[in-house]
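Please look over the sequence and the model below before reading the report.

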Amino acid sequence: MEQCVSCPDDHYSNAEHTHCLRRHVSFLAYEDPLGMTLACMSLCFSALTALVLGAFVKYNDTPIVKANNRILSYILLISITFCFLCSLFFIGHPNIVTCILQQTTFGVFFTVAVSTVLAKTITVVLAFKLTTPGKRIRGMLVSGAPNFVIPICTMVQLVLCGIWLVTSPPFIDTDTHSEHGQIIIVCNKGSVIAFHFVLGYLGSLALGSFIVAFLARNLPDRFNEAKFLTFSMLVFCSVWVTFLPVYHSTKGKVMVTVEVFSILASSAGLLGCIFVPKCYVILIRQDLNSLQKFRDRSLY
């Protein structure tokens, strides 16, 4: 041709470069096999977490539930349920509401979960390290002072998310370069620095929980969950350390899929490492869930 005309952004040229064809709109939809699989995994894991919570409420007077602060266990299970459910915001046609809720719900609910794990590890350390606690330490344990870790840590994350939304909130964006002939609708993070601040703060809480739980891993008693907390934080940190390089090397729907999978994998790690061994004792080996039998065995 003597004069060429570029196609608009929502079109692309055919193989002969004689016509402009409209691009197909693409996103991680519920109708896609991958989107449907991730959504089913999210719902199934959240339902499983609700069943675990029901079992803990039903057997709330047993030693294994009472010994590890059952209120914190309830908070952790509820937050894990919402962690699974928040992944649904990443699936379906993006809009401004879901783009904002994706990152805020992810950051806040995971902060509640990890800070609850931190509160549980602090409680374990205070209870076992101090065999003859003084009045001050005893007062901290009775008043539930470690529990204040949860609202304090969550408030810091809320402030970070608030600054993010005020300065440079997420918005709907289009990607016309990742796949030929398609317009991929994605949620742009807005401020990449704010996103990494939220993720970094979450990682620092997880690392702190891992260190405290690791130091308490060899403390005695059958009902000490420090080892489970250590392993859960190890799995959590491993997932998100792996997430960052993979996330930055992908684009479009694959990038969204990686983030959803990381959310589901880290939530499942918390649920499986901390609560599966307890459910095994509560539901299957009820003979181990008894202080009297534990004392009888310790005499021999």
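The report below goes from the whole chain to the annotated spans and then to one surface patch.

## Overall architecture

This is a predicted model, and the protein in it has 10 helices and 5 strands. Of its 300 residues, 45% are buried, while the surface that the protein exposes comes to about 15700 Å², of which carbon and sulfur atoms supply 68%. Among the contacts with a separation of 6 or more, 73% are between residues 24 or more positions apart.

## Annotated transmembrane regions

According to an unreviewed UniProt entry, the feature "transmembrane region" is placed at residues 36-59, 71-92, 104-128, 148-172, 192-216, 228-248 and 260-283.

Two of these spans can be described from the model. Residues 228-248 are 100% helix and 0% strand, with end C-alpha atoms that lie 31 Å apart. Over residues 71-92, by contrast, the chain is 73% helix and 0% strand, and the end C-alpha atoms are 35 Å apart.

## A nonpolar surface patch

Ile 96, Val 97, Phe 171 and Ile 172 make a nonpolar patch of about 330 Å² on the surface. Helix H4, which covers residues 96-129, and strand S4, which covers residues 171-175, each supply at least two residues of this patch.

Val 97, one of the patch residues, is found in helix H4. With a relative accessible area of 49%, Val 97 is classed as partly exposed, because the exposed class requires a value over 50% and the buried class a value under 20%.

Key:
Residues are numbered from 1 along each chain as its sequence is written. This is a predicted model: local features need pLDDT of at least 70, side-chain atom pairs count only at pLDDT 80 or more; totals for chains, interfaces and linings use all residues. Side-chain values use heavy atoms; hydrogens and water are left out. UniProt positions are given in the numbering used here, feature names are shortened, and annotations may be inferred rather than shown by experiment. Helices (H or I, at least four residues) and strands (E, at least two) are DSSP runs, numbered from the N terminus. Patches are made of residues with over 30% relative accessible area and no salt bridge: like charges are joined within 9 Å, nonpolar side chains (Val, Leu, Ile, Met, Phe, Trp, Tyr) within 5 Å. Accessible areas come from the Shrake-Rupley method with a 1.4 Å probe; for residues, only the protein chains shown count as cover. A salt bridge is a side-chain nitrogen of Lys or Arg within 4 Å of a carboxyl oxygen of Asp or Glu. Buried means under 20% relative accessible area, exposed over 50%, partly exposed in between (1.4 Å probe, protein chains only). Contact means heavy atoms within 4.5 Å.
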